[in-house]
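Student: Please take me slowly through one part of this structure, beginning with how its elements are assigned, and then set that part beside a few other features of the chain.

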Amino acid sequence: MAMDYAKCAKEIYDTLGGRSNLVSAAHCATRLRLVTVDNGRIDMKKLENIDGVKGVFSNNGQLQLIIGTGTVNKVYEEFLKVSGMTAATKEDVKAAAAAQQPVWKRMIKALGDVFVPILPAIVASGLMMGLVEALGKAIPSFAGSDWYGILDLMANTAFTFLPILIAVSATRVFGGNIFLGAVIGMVMIHPSLLNAWTVGSMEASEIPVWELFGFFKIRQVGYQGHVIPVVIAIWLMCRIEKWLHQHVPEMIDLFVTPLCTVLATSFITLGIIGPIFSTAESYVLEFAGWIITVGYGIGAMIMGALYPLTVVCGIHHMYNVIEAGMLSAADGINIWMPVASAANFAQGAACLAVGLKAKNIKTKSVAIPSSLSAALGITEPAIFGVNLRFTKPLVCGMAGGAAGALLASLFHIGATSYGVTGLPGFLITLDYTVQYAVVLVVSAGIAFALTWVFWKEEAEEGASDIREAGGKTEETMTADNSKTEGSESAAAEKVLFAPVAGNVIRREEIPDETFASGVLGDGVGIEPETGEVVAPFDGEISSVTDTCHAVGITGQGEMEVLIHVGVDTVNMKGDGFELFVREGEKVKAGQRLMVFDMEKIRAAGYCTTTAVLLTNSDDFSGFRVVKMGRTEQMEKLFMVE
């Protein structure tokens, strides 16, 4: 039965509290994105139960309603009619949402936006450092070899020049010229300055200074071991640059603005920002270390318990600043990572207990893959898709994380990188392999056992264990699927071919909780090898995004498919994407729909994994993935009945 778009929009509008509670509204390929005056006035349960709304969550000040491709645009049009609002862009909504957030949350988000994109460089360097160090200890002759020397150089480069990486990333976030930002980063670690790691062993009177204007003194000290002063300096640089662009005549802007920006920022950074905030950062790091070690690990235990709640609140990226600072310090040891790893691994174990104990087929299909994802360090699907939903598993996971974090503190485990937890964490904790293993086993064991004992599936959760699906029960579907296995030519089966060449992964492994949870339909993810998307069957383009990163297509047997390139690539505003079709256009299987620049996506800090989802999979009695691993374009990907 076709959705009544007007009815859906009216019910959403009424449940939100009417026009007085609305600030802004926009939509993307799958979601209605809203900013409200007060989310506390909204009955979230009622909102989730509206026919057509597949899920509701709040993120970065936005209330996002998952509706689906090809449908959300129609609901949005009706929503504008009933609310009397004017259409807004996603950037308008983003700005409105940011303005609604408290200052501290905006600051934490900005820090996350700075440090998350440089994670690949940090992870690569950290893993290499751990491996080189381990080989040096295992093979003494290797430690003095040329191979050790060059590999150690490669491993240390990202940390040696970390201020430059941070400066470039921060400039992108704060909206300045990234090359000017890079210059400021270079100024802060210039070879003419004393290396910050050696200054600690010197007396204050031994440190040379520049005396300017007779009173302005600048210590000739670099900032190799610091991160916060760089972020503050770049924020100031961007403010100066923007002000100059507005006030300098266009004729001389090209020359005057960069010169004045670099000079002013450099003087203020070396003379004021650097000394003040490097000292403040040292206190912050000392405090963080104290929290983890205080009371024989009691502080670490508390943080291990609370860590998942910071993930739920979306403020966990603030730890990247602490971890980066720890790695940049003289000892270069990250003692925060084991605490986070214990917390994440415990949440995965709690999720696994739910998956093994649940009778509900849908719960199992979400929980078990999500637990495996958490074991590899990606916890959002487990936390948002399962544990938070059922509450008790979240609490049991917090208990396991607390116990594991306590042990991690008592064992004094340290890591050589950040951004890696769970099983991959063994690669950056090579000096503590046994202790780290004990931490993970204890965290997982306690979380799993407590969840198994205290979590019980509610009647309504299990009631759909044998459920109707297109007139068939789950048992009948299983029997039917076994009959058709191997007989792909059966007339009842409908086939979707791979629109992208690359590595096919399970839907649950897509690094986006909305796609991974299945609320937008069943399907797969593809880690692309080439930047081209083709039509997976003969059909009609049902929707396109103005940012060109996603396309909906309806085809054989009324299959409605969403092809969404990358995760959070909507933020790129179409940069790096080119669409060759328009809404309503008829297309043939294999016809080029879109091209995208994978390197540009990665450089912007986003994942290229492409979601291929059958958004109306509930309308079919059977769904079967027939291709995993390496695939070429137009190989059979999945089939439905």
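Tutor: Helices here are DSSP runs of H or I with at least four residues, numbered from the N terminus. The model is a predicted one, and under that rule helix α8 covers residues 146-160, with isoleucine 150 lying in it. Isoleucine 150 is partly exposed, its relative accessible area being 43%, and because a patch residue needs over 30% relative accessible area, this value clears that cut-off. Together with Trp147, Leu153 and Met154, Ile150 makes a nonpolar surface patch of about 460 Å².

A second part to set beside the helix is an open sheet of three strands, whose order is β10-β16-β14 and whose pairing is antiparallel. The edges are held by β10 (532-534) and β14 (577-579), each of which has a single partner strand, so one side of each is left without a neighbour in the sheet. From one strand to the next, the twist averages 15°. Between β10 and strand β16, residues 592-596, the antiparallel pairing runs over three bridges, and valine 534 stands opposite arginine 592 in β16.

Turning to the cysteines, a search of the whole structure finds zero disulfides. Cysteine 396 is buried, with a relative accessible area of 7%. Cysteine 548, at 19%, also counts as buried, because the cut-off is under 20%.

Technical notes: Residues are numbered from 1 along each chain as its sequence is written. This is a predicted model: local features need pLDDT of at least 70, side-chain atom pairs count only at pLDDT 80 or more; totals for chains, interfaces and linings use all residues. Side-chain values use heavy atoms; hydrogens and water are left out. A disulfide is a pair of cysteine sulfur atoms within 2.5 Å. Buried means under 20% relative accessible area, exposed over 50%, partly exposed in between (1.4 Å probe, protein chains only). Patches are made of residues with over 30% relative accessible area and no salt bridge: like charges are joined within 9 Å, nonpolar side chains (Val, Leu, Ile, Met, Phe, Trp, Tyr) within 5 Å. Accessible areas come from the Shrake-Rupley method with a 1.4 Å probe; for residues, only the protein chains shown count as cover. A salt bridge is a side-chain nitrogen of Lys or Arg within 4 Å of a carboxyl oxygen of Asp or Glu. Helices (H or I, at least four residues) and strands (E, at least two) are DSSP runs, numbered from the N terminus. Two strands pair if DSSP finds at least two bridges between them. Axes are lines fitted to C-alpha atoms, for helices over the stretch in contact, and angles run from 0 to 180 degrees between N-to-C directions.
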